[in-house]
Amino acid sequence: MAAQESPFRALRAHFPAKWELAVRYGIVIGAPFAAGVSAGASPLGATAAAASLLILLLGPPGYGLARRAQVLGAATVLGLAAAIGALVQNHAWAIVLGLLVVGAFLAFARKVDRAMATVALFPVVGFLLGSGSDEGLRSAAELLAAAIIGGIFLLILDRVWPSPEHPSVAIEGRSKRLLPALILALPVGWLLASLAVDWHMAAYAFALLGVLIIQNARKAGRTTRHELLGFLAILVLSTIEVRIPVRTDVMALTAIAVAITGAWRAERGTIPLWSALGTLLVLIASVS
């Protein structure tokens with residue numbers, strides 16, 4: 001009779017793989033964000049980090065022309081959305097209309113599949129980042145360039161540090177539940193924040209959207225409650241940091257910590273919703 005394998009041996013075998021995923025995931029977000037902060041351009045660093053993160057969540061890297069086209073195309077979508085946000089940030093009606101459009105796209109894309117739902121996050125995150133950055137054509141061009149740089153950084157990382165396991169996030173949801181609320185979450189959240197606090201409207205709008213996404217996820221029961229509590233904890237921490245306010249490099253460390261913790265908690269390569277959405281929330285809050 002063959003000896004049964006020790007559970008401790010299985011744990012030790014799995015430990016390096018979990019750490020590799022967590023460290024690599026942290027570098028994908030931390031390196032571009034830290035570079036932007038050290039250069040005194042935190043909005044550009046946050047935009048590059050968001051692009052790298054979202055492209056990473058699209059799936060396995062692959063190589064060649066098709067992969068480069070996918071990465072640069074996705075980064076350009078985020079960059080263009082950020083550029084539009086920067087150009088219209090002082091026009092409330094344009095921001096509300098833009099948030100309604102990108103929010104509706106996300107709400108309906110979540111009914112299709114996981115990949116489409118992840119793609120729909122690009123214009124949402126980009127527009128929110130741009131609306132909190134500096135205004136003007138120069139800022140818009142810099143945000144577009146930063147998003148593309150974030151995509152190029154991920155392409156380089158995939159070549160020098162290939163990984164068989166690219167993380168994903170289960171962002172797709174039920175077909176009809178809370179659909180109208182998801183469509184209206186961003187513009188309503190932005191308007192309510194503008195009336196109540198008049199600052200960091202983009203972050204609070206995304207927070208409302210994140211709560212609804214978790215409530216509308218395909219999971220149910222205890223798992224959903226844990227996801228919601230995790231995201232709310234990150235929201236409270238981000239709110240404290242922006243109200244103090246802390247230095248941007250502290251926000252960068254917060255984003256990295258949230259990302260690494262989520263990757264460590266990943267099951268079968270799927271990052272918890274609270275971590276993926278929480279990391280994006282900290283990135284948006286850092287520039288709002």
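# A chat about a mostly helical chain's surface, core and salt bridges

Visitor: What does the accessible surface of the protein chain come to?

Guide: About 13,200 Å², and carbon and sulfur atoms own 68% of that. Such areas come from the Shrake-Rupley method with a 1.4 Å probe, and for residues only the protein chains shown count as cover.

Visitor: And what kind of model is this?

Guide: This is a predicted model, where local features need pLDDT of at least 70 and side-chain atom pairs count only at pLDDT 80 or more, while totals for chains, interfaces and linings use all residues. Residues are numbered from 1 along each chain as its sequence is written, and side-chain values use heavy atoms, with hydrogens and water left out.

Visitor: How many helices and strands are there?

Guide: The protein chain has 11 helices and 2 strands. Both are DSSP runs numbered from the N terminus: helices are H or I with at least four residues, strands are E with at least two. Reading from the N terminus, the order is α-α-α-α-α-α-β-α-α-α-α-β-α.

Visitor: What share of the residues is buried?

Guide: Of the 288 residues, 52% are buried. Buried means under 20% relative accessible area, exposed means over 50%, and partly exposed is in between (1.4 Å probe, protein chains only).

Visitor: What about contacts between residues that are 24 or more positions apart?

Guide: They make up 80% of the contacts in the protein chain with a separation of 6 or more. A contact here means heavy atoms within 4.5 Å.

Visitor: Back to the surface. Which residues form the nonpolar patch?

Guide: Trp93, Leu97, Leu100, Val101, Leu184, Val188, Leu192 and Leu208, with about 760 Å² of accessible area together. Patch members have over 30% relative accessible area and no salt bridge; nonpolar side chains (Val, Leu, Ile, Met, Phe, Trp, Tyr) are joined within 5 Å, and like charges within 9 Å.

Visitor: Which helices supply at least two residues of the patch each?

Guide: α4 (92-109) and α7 (179-196) do. The largest share, 4 residues, comes from α4. Leu192 is found in α7, and Leu192 is exposed because its relative accessible area is 52%.

Visitor: Where does His200 sit, and what is its phi?

Guide: His200 lies in the loop between α7 and α8 (201-215), and its phi is positive, about 55 degrees, although His200 is not a glycine. Most residues other than glycine have a negative phi, and most peptide bonds are trans. His200 has a relative accessible area of 11%, so it counts as buried.

Visitor: Which residues does a cis peptide bond join?

Guide: Ile244 and Pro245, with omega at about -15 degrees. Pro245 lies in the loop between α9 (222-243) and α10.

Visitor: Is α8 mostly covered or mostly open?

Guide: Mostly covered, with 11 of its 15 residues buried. Among them are Phe206, Leu209, Leu212 and Ile213.

Visitor: How far does α10 reach?

Guide: Helix α10 (residues 248-264) reaches 24 Å from its first C-alpha to its last, close to the 24 Å expected for its 17 residues. The expected span is 1.5 Å times one less than the number of residues. Buried residues in α10 include Met251, Ile256 and Val258.

Visitor: How many salt bridges are there?

Guide: The count comes to 4, where a salt bridge is a side-chain nitrogen of Lys or Arg within 4 Å of a carboxyl oxygen of Asp or Glu. One of them pairs Asp158 with Arg24, with the closest N and O atoms 2.7 Å apart. This pair links distant parts of the chain, Asp158 in α6 (residues 137-160) and Arg24 in α1 (residues 7-38), 134 residues apart.

Visitor: Are Asp158 and Arg24 buried or exposed?

Guide: Asp158 is buried at 2% relative accessibility, and Arg24 is buried at 4%.

Visitor: What is the N to O distance between Glu172 and Arg114?

Guide: The closest N and O atoms of that salt bridge are 3.8 Å apart. Glu172 lies in the loop between β1 (168-169) and α7 and Arg114 in α5 (residues 114-131), so the pair ties together parts 58 residues apart in sequence. Glu172 is buried at 13%, while Arg114 is partly exposed at 31%.

Visitor: And where do Glu142 and Arg138 lie?

Guide: Both lie in α6, 4 residues apart, about one turn of the helix. Their side chains meet in a salt bridge at 3.2 Å, N to O. Glu142 is partly exposed at 32% relative accessibility, and Arg138 is exposed at 67%.
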